[in-house]
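Me: Could you take a careful, close look at one part of this model for me, and explain what is in contact with what there? I would like one connected account, with the cut-offs behind each term.

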Amino acid sequence: MTERWTYEGFEMVVGLEVHVELDTATKLFSGSANRFGDDPNVHIDPVTLGLPGALPVLNARAVELGARIGLALGCTVQACVFARKNYFYPDMPKAYQISQYDKPLNIDGRLALSDGTVIGVERAHLEEDTGKSTHLGGSGRIHGSEGSLIDFNRAGVPLVEIVSRPDIVSPDQAREYVSELRAILVAIGASDARMEEGSMRVDANVSVRRPGEPLGTRCEIKNVNSVRSLGRAIDAEARRQVALITAGESVVQQTRHWDEGDGRTHALRSKEDADDYRYFPDPDLVPFVPSAEWIDEVRSALPPLPAKRRAALAVLCGVAADTEAVMTVVERGQDAYVAEVATHGADAARALVHVKEAFAELGARPRVPASDLAALVAMESSGAVTATQAKTLLGDLIDAGGGDPAALAAQRGFEAMDDGELVALVDAAIAAEPDAWQKYCAGEDKAMGALVGHVMKASRGQADGKAVSALLVSRRS
Amino acid sequence: MSTPSTAIGIAAAVRSGSMSAVDAVEQSLERIGASDGDIGAFLTVTASSARDEAAAIDAAVASGSDPGPLAGVPIAIKDNMCTRGIPTTCASRMLDGWLPPYDATVISRLRTAGAVIVGKTNLDEFAMGSSTENSAFGVTKNPHDPTRVPGGSSGGSAAAVAAGFVPVSLGSDTGGSIRQPAGLCGVVGVKPTYGAVSRLGLVAFASSLDQIGPFAGNVADAAVVLEAIAGHDPGDSTSIPEPFGPLGAAVPRGVEGMRVGRITDLPAGADPDVTERFEAAFDALADAGADIVDVEVPAFTYGLTAYYLIAPAEASSNLARYDGVRYGHRVAAPDTDAMYVATRTDGFGAEVKRRILLGTYALSAGYYDAYYGKAQRVRRLIADDFARAYTHADVLLTPTAPTVAFEIGAKSDDPLAMYLCDTYTIPSNLAGHPAMSVPFGTGADGLPVGVQVLAPAVGEATMFAVGAALERAMGAQR
Amino acid sequence: MAGRITDDDVAHVARLARLGLDPDDVQRAVAELGAVLEHFADIDALELDAVEPMAQPYPLTNVLREDVVTTSLDRDEVLAQAPDAVDGRFAVPPILGDGA
């Protein structure tokens, strides 16, 4: 259960606006490639550049992914209209952004956190991304630059903006909301949702109040580039607001940028215009009216969502759903693989640990056949190989893309040691490390490490660490 | 055999090999060279590319292939349609010298049909005006009287046909910008159903109202050009999938038994000489066998207000892209925001600025419901009223403009007086219906008077039948 | 209709539209727009609450295109039309403020 954040008698109220770039081949309203990392201005067309006479045409795949996001979040998918949001900025080619205003694609959804808390999702709508500005001169930042250069490759890339209700009460909850949302987006194939690369961007609306009071004035925090920073930024901003209020000042509604370096939020110097975006329905586009059949089709194509998959994996492995191994393996999409290993009769919990530890780079369909990993886990469970040997053999399996673990063990000369051999090795270790032995006998458990290490070294890793420990424990008593 | 002067005549001669496209184009270029100095219809004459294209058409004919229904027909294009590598200025300093990197859909379709573009014509800046006086590059004169305006905003394209420089041309019509200059210049001008002709590559003024259409010396030529440019375009989301039927067959059809509506509550304000010709048109159609019926379109009179809120609102957004960043005019300034203001203040003319201010106001916080929102509802009323009227009538008739061509400068200091020129043409744009102006004799000072035929959406065939009947009636009176 | 347009309204709207108006321009705009808006008061008499706004003349829905990449414009051709370009990018003077 995450705890409500409090500070000097205040609590925080946070709503998050998450922008994700959709994993489409082309832009939201034109056929230029939606691709990151190429030379500047190579994915441009009349629509992307806002050339005179250009007209937008809606990308069917973007709409489908948008609805997929909505349905994964339990939203109502509805008839929607695109609207123009008018403002001038050099990376916004038409001086308006095509977005959705009073009739968004998805409304009224929810996202459940691990402790059962439900965060409301107000809406999830489609809109286009902007280009990118590079600021010339000194610091590379806006202020004091000698000018800016604009690349429109990103302009027009489809985004879904997911707006939560102000239901979040702590930095931890905000982090978990974003992590869970990210897991869902990746699982349903809507986006790679990488905050570091900017394919997922999080803005936080933060306000504070004394319990029971109405909502306070909020500030919007931008420029948060990781889940960890998000928590820090929210915490810093809420403290800043509390300090203002307790000093008798008032919070001014504004946009503030998070500075990772000094750990504070800063108001940007801005011109004095109030926002007046003059939204109106874009006359170049027509409404999208989804049929009930289409919505059912999109819904039925949704894969199982991460929370459900974590629960299933946790039951299979006999561990809690929020253990790190379960979270990690589900995030990598390797839960189905673990389940397959288990169908071969192997201990799922051991398989889970191996997959989590060794399969980070192998993707959702590891090249090691599930039956091979199952055989290895069985050898480990039966004591035929030690945990250390099993790790080595797993490396061999990964390198070779599979194989017979028993044959590989034989090649490496891994054989289970008989008890007499092990006892002799332990005796030799005690003789060789008298100081460690004395300390261990005096109750200093840490000293056992040196003794076990000696045995392992002498056996060239073939001894079973657990068996050695057990012998040492019985010898002491 | 005399040289053909109609589009249909030229195309037939070129396709049969009795006349070369090069000769057709050369004649057009000669006339432009000889007289456009006095008229000012053209902003750019594309003599060199026109000659090359004409030669290619002749080569195609020689090799036995058919260059299309407009083979070798010289055509002029209003300078708000994108032509790759050819200046497209919208008669604005803002786009002076801009070379589009792509062709409008209508341009590709004209080329496919074998037409040859001989130049780009003058207009009111960004198509905002009714006289072609709001051009940054000079006023176009009415070929019937060079002291008078040709109407607008497509004044250059209307004058180019009226002066005989080209048999046909393209204009765009947002509130009457094809029909009103057609009326004032004594040529045929057609605004098709909204969505019948692709807007891709038409520089937007008011996106929900803009529509490209032809000017021609006669109704049949207008039909051929419209057929060449119309049809679904997947590049325009508002392009209608099922276009109107063939128009050529409609032209000779006649109006026997057709119901022609007289709008009894039509706003007053037309001059007596215009009204006289308008009444004569009813008589001519009745003589040709049509039934004249009375209909009411009560919201017609509110069209002007709805239009002058909706069109500037959309324009204020459409013209925001002219910011000096990616193309066109830029005035240097120490920071980007100052550059925007300097560029836009210098690059736009007075009327464009006036409409941007009006439209921005109509959309701004606190005023949206009172202005833009309300205008959208009035628009619905007008469409509903038309729908009711069309249960009683097949077409409606109005004057095209309240007056004949007025003197250059007569209305340039009075925006409202200029806006009133569009009283009769605006409602069709709001409803998205087709309408055409057909010359129907002369009024004061021997200047042309146009009569407007209105039809319901995709009712082009019926409209052309009526337009052609009026044209035949005039021919008989001559 | 809302009340008569004021100097402040015109200044606000000019700022939104990035148009520079000197005090004379503002006065002229107030007079011209005021006259036009006064004429437009004719629709105030209409009962419109039950009327749906009409955004587009022809009622189309669900116009979509397949997610297939088309050829990009040529960067050099496009940048040749730009007022200023550096290293394959469009160049602008310094940006103050955070825009949106």
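The account below begins with the contacts of chain C and then follows them into chains B and A.

Reply: This is a predicted model, in which local features need pLDDT of at least 70 and side-chain atom pairs count only at pLDDT 80 or more, while totals for chains, interfaces and linings use all residues. Residues are numbered from 1 along each chain as its sequence is written, and chains are lettered from A and ligands numbered from 1 in the order in which they are written.

Chain C meets chain B through 46 residues of its own and 54 residues of chain B (residues are in contact if their C-beta atoms, placed from the backbone, lie within 7 Å). On the chain C side, two or more residues come from each of α1 (7-16), α2 (23-39), α3 (75-79) and β3 (89-92) of chain C, where helices (H or I, at least four residues) and strands (E, at least two) are DSSP runs numbered from the N terminus. Within that side, α2(C) gives the most, with six residues. By class, the side of chain C that touches chain B holds 35 nonpolar, four polar and seven charged residues; here Ala, Val, Leu, Ile, Met, Phe, Trp, Tyr, Cys and Pro count as nonpolar, Asp, Glu, Lys and Arg as charged, and the others, Gly among them, as polar.

A helix pair spans these two chains: the axes of helix α11 (residues 350-363) of chain B and α1(C) come within 9 Å and cross at roughly 100°. Axes are lines fitted to C-alpha atoms, for helices over the stretch in contact, and angles run from 0 to 180 degrees between N-to-C directions. α11(B) and α1(C) are therefore roughly perpendicular to each other, given that angles under 35 degrees count as roughly parallel, over 145 as roughly antiparallel, 65 to 115 as roughly perpendicular and the rest as oblique. L357(B), T360(B) and Y361(B) are what α11(B) brings to this contact, facing D9(C), V10(C), V13(C), A14(C) and L16(C) of α1(C). The contact of α11(B) with α1(C) counts six nonpolar residues, one polar and one charged.

Chain C also meets chain A, with 35 residues from chain C and 46 residues from chain A. On this side of chain C, at least two residues each are supplied by α1, β1 (64-65), α3 and β3 of chain C, and β3(C) gives the most, with four residues. The residues of the side of chain C that touches chain A comprise 18 nonpolar, eight polar and nine charged. Strand pairing joins the two chains as well: strand β3 (residues 58-59) of chain A and β1(C) pair in the parallel sense over two bridges (strands pair if DSSP finds at least two bridges between them). N59(A) has R65(C) as its bridge partner in β1(C).

Moving into chain B, helix α9 (residues 303-318) and helix α12 (residues 369-389) of chain B pack at an angle of about 130° with their axes 9 Å apart, and α9(B) and α12(B) are therefore oblique to each other. From α9(B) the contact takes G303(B), T305(B), A306(B), L309(B), I310(B) and A313(B), and from α12(B) it takes Y371(B), Y372(B), A375(B), Q376(B), V378(B), R379(B) and I382(B). Nine of the residues in the contact of α9(B) with α12(B) are nonpolar, three polar and one charged.

Chain B also contains an open sheet of eleven strands with mixed pairing, in the order β1-β3-β2-β4-β6-β5-β10-β11-β9-β7-β8 (chain B). Because β1 (42-45) and β8 (291-295) of chain B stand at the edges, each with a single partner strand, one side of each is left without a neighbour in the sheet. From one strand to the next, the twist averages 30°. Strand β5 (residues 188-191) and strand β6 (residues 211-216) of chain B pair antiparallel over two bridges, with F215(B) in β6(B) as the bridge partner of G189(B). Helix α2 (residues 21-39) of chain B lies across β1, β2 (74-78) and β3 (116-121) of chain B and runs at about 20° to β3(B), whereas helix α7 (residues 219-229) of chain B lies across β4 (168-173), β5, β6 and β10 (435-442) of chain B, at about 145° to β6(B).

In chain A, three strands form an open, antiparallel sheet in the order β6-β5-β16 (chain A). Strand β5 (residues 82-86) of chain A is joined to β16(A) by two bridges, and R84(A) stands opposite F280(A) in β16(A).

How values were computed: Two residues are in contact if their C-beta atoms, placed from the backbone, lie within 7 Å.
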